[in-house]
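I opened this model to look up how its secondary structure elements pack. My notes are kept in the order in which I checked things.

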Amino acid sequence: MKQRLVSTDLAGTQYHGLHGITESCLQALTRLIQGGVVIEKASLVTSDTEHAFVLKDQFEDTYVIKAGFASGYSGEGSRGLAVALALLYRHKVEIEEYKISADFMHRIEFSCLLSSDLEWLENTQPVRPQKWYDYMYDVNIHLTPPNHQLVRHYPLAVPYRLIDERIIDLAVSFHEDEDRAIMAAYRRLEDVIRIRTEISESGAKLFSRAFLGDAPVLTWDVPDDGEIKGRAGLFTSVFMAFRNARMHREPTNNGDEQLNEFMLINELFRLEACAIQTPLSADGVT
């Protein structure tokens, strides 16, 4: 008679990725990293040529990346394993490999690890000598920077926490039409400055009059004049270097460049938010 499994036997952990699907498991790992999970230890669990990960963060919470990784042959599974290990190493994660049973891997596949499985993993000895480095070198992925093969695996995601509230709606819909979102952000920034300064110019001329010159309307409460000039120069430089080009040429299809430009405009909104009216302007003298 089989022993009945009760819920209290199950490990309290999160499962990510689809068993046997390398890209799904690799995306799951990068989403955790990009989403702010600080992984401190990665247990690479190995059953024959199948591999999965049991991860622990700084709060001792556990995450499982299912067995979408493989070794022993040249293919997607081996390359995905190499990339996953290189990413974890890049983020200064402690990596150890453990040999597990087919039953252990079967429970990972069906998202039903037992508390006793995690206890066993905590108390068993890792593989010695370490050989997880070999999984990378076998498919020619190295640990030494620069490693341009890794960058493309991070998700292209808007960091909403950093976005100024005045353009958060544009950030939310950014991937629907990047060019529209960027141009709308430029126009909103100009409108904000015009309202604050009552200057009717546009583009670089507007920002020059608002922030630069002998009697700027807006400034920053910082002790260094060079810092003030540097911040002011960012407004004119971004408009001359990016906005003017976008007005006269077809935008690039490179999503990285589009998001970089949107984040540059966002930084201008953040700088404007902490700008103050100059004392002379406040007294009515310009």
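The entries below cover the sheet, the helices on it, a helix pair and one short helix.

**Entry 1, the sheet.** I am working from a predicted model. I traced the strands and found five of them in an open sheet, ordered E1-E4-E3-E2-E5, with mixed pairing. Which strands stand at the edges? I find E1 and E5 (94–99) there; each has a single partner strand, so one side of each lacks a neighbour in the sheet. From one strand to the next I get an average twist of 25°.

**Entry 2, one strand pair.** I looked up E2 (39–47) and E3 (50–57). The two run antiparallel and are joined by eight bridges. I followed isoleucine 39 across and arrived at aspartate 57 in E3 as its bridge partner.

**Entry 3, helices on the sheet.** I checked what H1 touches: it packs on the sheet against E1, E2, E3 and E4, and its direction makes about 150° with that of E4. H4 also packs on the sheet, where I list contacts to E2, E3, E4 and E5. The direction of H4 makes about 85° with that of E3.

**Entry 4, H1 against H2.** Two packed helices are described by an angle and a distance between their axes, so I looked up both. For H1 (residues 22–34) and H2 (residues 76–90) I note an angle of about 10° and axes 9 Å apart. Angles under 35 degrees count as roughly parallel, so I enter H1 as roughly parallel to H2. On the H1 side I list Thr22, Glu23, Leu26, Leu29 and Thr30. Facing them in H2 are Glu76, Gly77, Gly80, Val83, Ala84, Leu87 and Leu88. By class, the residues of this contact are six nonpolar, four polar and two charged.

**Entry 5, H3.** Which residues of H3 (residues 102–109) are buried? I have Phe104, Met105 and Ile108. Their arc around the axis is only 95°, which means that they lie on the same side of H3. In an α-helix, with 3.6 residues a turn, residues three or four places apart point the same way. On the face turned away from the buried side I note Ala102 and Asp103 as exposed. I then asked what the buried residues of H3 pack against. My list is E1 (14–16), E2, E3, E4 (62–70) and helix H4 (115–123).

**Entry 6, after H3.** I checked the backbone just past H3 and noted that serine 111 has a positive phi of about 55°.

Definitions and conventions: Residues are numbered from 1 along each chain as its sequence is written. This is a predicted model: local features need pLDDT of at least 70, side-chain atom pairs count only at pLDDT 80 or more; totals for chains, interfaces and linings use all residues. Side-chain values use heavy atoms; hydrogens and water are left out. Axes are lines fitted to C-alpha atoms, for helices over the stretch in contact, and angles run from 0 to 180 degrees between N-to-C directions. Angles under 35 degrees count as roughly parallel, over 145 as roughly antiparallel, 65 to 115 as roughly perpendicular and the rest as oblique. Contact means heavy atoms within 4.5 Å. Ala, Val, Leu, Ile, Met, Phe, Trp, Tyr, Cys and Pro count as nonpolar, Asp, Glu, Lys and Arg as charged, and the others, Gly among them, as polar. Buried means under 20% relative accessible area, exposed over 50%, partly exposed in between (1.4 Å probe, protein chains only). The arc is that of the directions from the helix axis to the C-beta atoms. Two strands pair if DSSP finds at least two bridges between them.
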